[in-house]
Amino acid sequence: MTPEWWPGEDHEQFVQWAISQGVIVDGVGPARFQGRGLGMIAMRDIQEEEVIVRVPQRVMLTEEAIPPSFSSRFPEKTPVHALLAAFLCNGEPEDLQPFQLWRKTWPSRKDFEDCMPILWQENSSSMLPPSISGRWKNVQKQKLDFEYESSHQNILAQQRVRLRNAWESVVAVFPETDWEGFSYHWLIVNTRSFFYLMPGQEQPEDRNDAMALLPLADYFNHSDVACNVKFDGHEYVFRAVKAYNTGEEVFMSYGPHTNDFLFTEYGFYLDSNQSEALYLDDIIFQDLNPSLREELNLQQYYGNYQVTATGVCYRTEIAACIVYMSLKDWQNYTLGYSTRGVDAEKSAKVIRKWIGTYVEEANASIDELLEKRGSGNIDREDEGRMRMLIKRWSQVKDLCLRALKEVG
C-alpha cells in the first residue's frame, strides 16, 4: 500500500539517480505534506548530530559546471543567477540531459504563479504588506532624503530589478529567449539555491553570485530549527540538529529572514518566525520634518526602524526621542554625553502612535481583502492569493498588538 506521503514516481526515480551520482541519503527522503507541498521526511528515527545527506561538489549545478562553450558567450561578471537560468533555458540538449530527472521534480510555473508575488497581477500585488510592496493606504510616503541599505524593505521592487537585469543580460546573448521560460528558471534558481563559496574564495559583493543548485538537498523546507549545513569544498554535509521520529518533517534554515522576505523570495511564510519584524521607516519619516530627518542621518540613525513582538529596536527609540527633545539634548544623548531630556513615558507615547498607524493599515487592508473575497467576483486563483494575504496581514496586526503591550 502506498503511504499518503509518497511524492510520486518522478521523485522516486530522481532519488535513485541522485544516489547513483554520489549523493548519500541516510534516513530521509522526499515526501508530500498535506496542504504544504513537498519536503523532506524522516524515514526512520534520527539522532541529534547524525549525518543525513551528503552532496558532493561534482554533482552540483554551479557556474563552473556550465560548459565553457556556453558560459564564454556572456560578459564577465554576468550575474550567476542569470547564467544558471540561461543555461537551463538555452543550453545544448546533450548538456542538459543529465539534469532531466531532476528537473521533473521542480515546481511548475503555475505553482509559482499561485504563491510568488513577482508573478502576480496588479489587483493582487497592490494588497501586499508595505515591506514587500512599498505601498501604504494611510501613510504619505516621503521621498527619501538619503539613501540607505535596507534589504528587508521594498523587497518586491528589489527582486524585480534583479530579474530584469538578469533578463537583459541573457537576451543580449540569446535574443530569442522566452520571457516566461526564463523567468520560471530564474525563480527555480532563486528559490532552490544554496550558498556556495569554495574555501579561500572571496565573497562577492552580491551574495546571490555565490549560489549553486544541490540535487536532493533542495527538498528541505525552511524552519528556525534546522539542519547543521557545512561545505568544505568537496561536499555539502547536512546534520540533524535535533532528534527526529519516523514520519516527522526534517527542515533546514534559509537564514534569519522576516516573513515578508520569505513570502517574496520563496512564496511562503512561517506561522511562527523568530526573525519576524516589521519596519516603521515610512511612518516615522512622515512624522518628522526634513531637518529632523537630516539630523537622524548625520548621527547615523536614518532608517531601519524595526518593530518585533518584544517591542522596538534602539534606533526606533532614538527616533522617538527626537520628536520631543531639544535638538541639543538629543545630539548629546545620541553621542552618549547626557540623558537630559529623555522621558521614557513620552518615548512610549510616540512609539505607540507609530505602531498604531501600522495597526490601522492592517485593519484597512484586511477589511478590503474580506470585502473583495465576499464580492463573488474573484476566481479560484485569486481566492488562494486572498487567503495568503489575509493571513499575512493578520500576522502583521498581531505582531503590532503584541509590540504595543511591550512598549507601554
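Student: In what order do the strands of the open sheet of 4 strands lie, and is their pairing parallel or antiparallel?
Tutor: In this predicted model, the order is 1-4-9-8 and the pairing is antiparallel.

Student: What makes strand 1 and strand 8 the edge strands of that sheet?
Tutor: Strand 1 (24-25) and strand 8 each pair on one side only.

Student: How do you know that strand 4 and strand 9 pair?
Tutor: The criterion is at least two bridges between the strands. Strand 4 (residues 51-56) and strand 9 (residues 235-239) are linked by 5 bridges in the antiparallel sense, so they count as paired. Within this pair, Val-55 stands opposite Tyr-236 of strand 9.

Student: How many bridges support the pairing of strand 8 with strand 9?
Tutor: There are 4 bridges between strand 8 (residues 228-231) and strand 9, and the two run antiparallel. On the strand 8 side, Lys-230 has Val-237 as its bridge partner in strand 9, and Phe-231 stands opposite Tyr-236.

Student: Which residue takes a positive phi in the hairpin of strand 8 and strand 9?
Tutor: Gly-233 does, with a phi near 95°; the hairpin has 3 residues between its strands.

Student: What is the strand order in the open sheet of 3 strands, and which strands form its edges?
Tutor: The order is 11-12-13, with antiparallel pairing. Strand 11 (278-279) and strand 13 (311-312) are the edge strands, each pairing on one side only.

Student: Why do strand 11 and strand 12 count as paired?
Tutor: Strand 12 (residues 306-308) is joined to strand 11 by 2 bridges, and the two run antiparallel. At least two bridges are required, so the criterion is met. Tyr-279 has Gln-306 of strand 12 as its bridge partner.

Student: In which sense does strand 10 pair with strand 3, and in which sense with strand 7?
Tutor: Strand 3 (residues 37-42) and strand 10 (residues 249-252) run antiparallel and are joined by 2 bridges; there, Met-40 has Val-250 as its bridge partner. Strand 7 (residues 221-222) pairs with strand 10 in the parallel sense over 2 bridges, and His-222 stands opposite Met-252.

Student: Why is helix 9 called oblique to helix 10?
Tutor: The axes of helix 9 (residues 155-171) and helix 10 (residues 179-192) come within 11 Å and cross at roughly 125°. Roughly perpendicular covers 65 to 115 degrees and roughly antiparallel begins over 145, so an angle in neither range, nor under 35, is oblique. Helix 9 is therefore oblique to helix 10. The crossing of these two helices is right-handed.

Student: Why does the description oblique also apply to helix 3 and helix 10?
Tutor: The axes of helix 3 (residues 80-90) and helix 10 cross at roughly 125° and come within 8 Å. That angle lies outside the named ranges, and helix 3 and helix 10 are therefore oblique to each other. Their crossing is right-handed.

Student: What makes helix 16 and helix 17 roughly antiparallel?
Tutor: Helix 16 (residues 344-374) and helix 17 (residues 380-407) pack at an angle of about 160°, with axes 9 Å apart. Angles over 145 degrees count as roughly antiparallel, so the pair is described in that way. Their contact has 19 nonpolar, 4 polar and 7 charged residues. The crossing of helix 16 and helix 17 is left-handed.

Student: What is the volume of the second largest pocket, and which of its lining residues are closest to its centre?
Tutor: The second largest pocket has a volume of about 350 Å³. Its lining has 20 residues, of which Glu-63, Glu-64, Val-80, Gln-201 and Asp-209 are closest to the centre.

Student: How do the residues of that lining divide by class?
Tutor: The lining of the second largest pocket divides into 10 nonpolar, 4 polar and 6 charged residues. Val counts as nonpolar, whereas Asp and Glu count as charged. Glu-63, Glu-64 and Asp-209 therefore belong to the charged class, and Val-80 to the nonpolar class.

Conventions
Residues numbered from 1 in each chain as written. Predicted model: local features only at pLDDT ≥ 70, side-chain atom pairs only at ≥ 80, totals over all residues. Heavy atoms only, no water. 1 Å grid on protein atoms, 1.4 Å probe; cavity = no way out; pocket = protein on both sides within 12 Å on 5 of 7 lines; lining within 4 Å. Points joined across faces, edges and corners; volume = space filled by probe spheres on them. Axes fitted to C-alpha atoms, helices over the stretch in contact; angles between N-to-C directions. Left-handed = near helix turned anticlockwise from the far one by under 90°.
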